[in-house]
Amino acid sequence: TRVDTSKLFHSVLFELADSSPGAVDEFIADCKRYLGVADGLEHFYVGRRVEEHQRDVNDGNYHVSLHVLFSSKGDHDAYQVAELHDVFVDKHRDNWASVRVFDSYVT
């Protein structure tokens, strides 16, 4: 079957070295400020892990998740090299204990 490559869903799970409430608040605010304004962005979501979900299937190895729907792979690729994306990465990379990225074509 043919894969529809018209839209790309980009999910990132951040585990933070400093996961204090203030650090998480600042991180989320900066996600919105630097990443939530990209061209070709159809939907943008960022938030804290739902800590009360402790089921066996829940992955609790992150503090903040970012989910972005791009109109195309080209829009995603431009976002990855955009100046605001670089500013965000430079500002926060030292606080990342781990970063996991999941990209999917969606319909």
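Q: How far apart are the mean positions of the positive and negative charges of the protein chain?
A: This is a predicted model, so keep in mind that we're reading computed values. The protein chain carries 11 positive and 19 negative charges. Take the mean position of each set, and the gap between the two comes out at 3 Å.

Q: In what order do the helices and strands of the protein chain run from the N terminus?
A: There are 3 helices and 4 strands to place. Start at the N terminus and read along the chain, and you get β-α-β-β-α-α-β.

Q: What radius of gyration does the protein chain have, and what would a compact globule have?
A: The C-alpha trace spans about 40 × 35 × 20 Å along its principal axes. For 107 residues, a compact globule would come out near 13 Å. The chain agrees with that, with a radius of gyration of 14 Å.

Q: Which element supplies the largest share of the largest nonpolar core?
A: This core has 18 residues, and F14, L35, V64, L66 and F88 touch the most other members. At least two core residues come from each of β1, α1, β2, β3 and α3. The largest share is 6 residues, and the element behind it is α1.

Q: Is F14 buried or exposed?
A: You'll find F14 in strand β1. Buried means under 20% relative accessible area. F14 has 4%, so it counts as buried.

Q: Which residues does F14 contact, leaving aside its neighbours within four places in sequence?
A: Being 12 residues apart in sequence, F14 and E26 have C-alpha atoms 13 Å apart in space. For actual contacts, go by heavy atoms within 4.5 Å. With the close sequence neighbours left aside, the list for F14 is F27, Y62, H63, V64, L66, F88, W96, S98 and V99.

Q: Which residues is F88 in contact with, leaving aside its neighbours within four places in sequence?
A: F88 is another of the core residues that touch the most other members. Skip the neighbours within four places, and its contacts are F14, F27, D30, C31, Y34, L35 and W96.

Q: What separates the C-alpha atoms of S11 and L66?
A: S11 lies in strand β1, and at 10% relative accessibility it counts as buried. Beyond four places in sequence, S11 touches L66, H67, R100, V101, F102 and D103. S11 and L66 are 55 residues apart along the chain, yet their C-alpha atoms are separated by 5.5 Å.

Q: Is N95 buried or exposed?
A: N95 lies in the loop between α3 and β4. Leaving aside neighbours within four places, N95 is in contact with E15, L16, A17 and D18. Its relative accessibility is 18%, and the cut-off is under 20%, so N95 counts as buried.

Q: What relative accessible area does R33 have?
A: R33 lies in helix α1. Its C-alpha is 19 Å from that of V99, which sits 66 residues away in sequence. Partly exposed is the band between the buried and exposed cut-offs, 20% and 50%. R33 falls in that band, with a relative accessible area of 47%.

Q: What percentage of the exposed area of the protein chain do carbon and sulfur atoms supply?
A: Of the 107 residues, 31% count as buried. The chain exposes about 6600 Å². Carbon and sulfur atoms supply 49% of that area.

Q: Among contacts between residues at least 6 apart in sequence, what percentage join residues at least 24 apart?
A: The pair S11 and L66 is one example of a contact across 55 residues of chain. Over the protein chain, the figure for residues at least 24 apart is 78%.

Terms used. Residues are numbered from 1 along each chain as its sequence is written. This is a predicted model: local features need pLDDT of at least 70, side-chain atom pairs count only at pLDDT 80 or more; totals for chains, interfaces and linings use all residues. Side-chain values use heavy atoms; hydrogens and water are left out. The radius of gyration is taken over C-alpha atoms; the globule rule is 2.2 Å times the number of residues to the power 0.38. Buried means under 20% relative accessible area, exposed over 50%, partly exposed in between (1.4 Å probe, protein chains only). Accessible areas come from the Shrake-Rupley method with a 1.4 Å probe; for residues, only the protein chains shown count as cover. Lys and Arg count as positive and Asp and Glu as negative; His and the chain ends are not counted. The place of a charge is taken as NZ of Lys, CZ of Arg, CG of Asp or CD of Glu. A nonpolar core is a set of buried Ala, Val, Leu, Ile, Met, Phe, Trp, Tyr and Cys residues joined through side-chain atoms within 4.5 Å.
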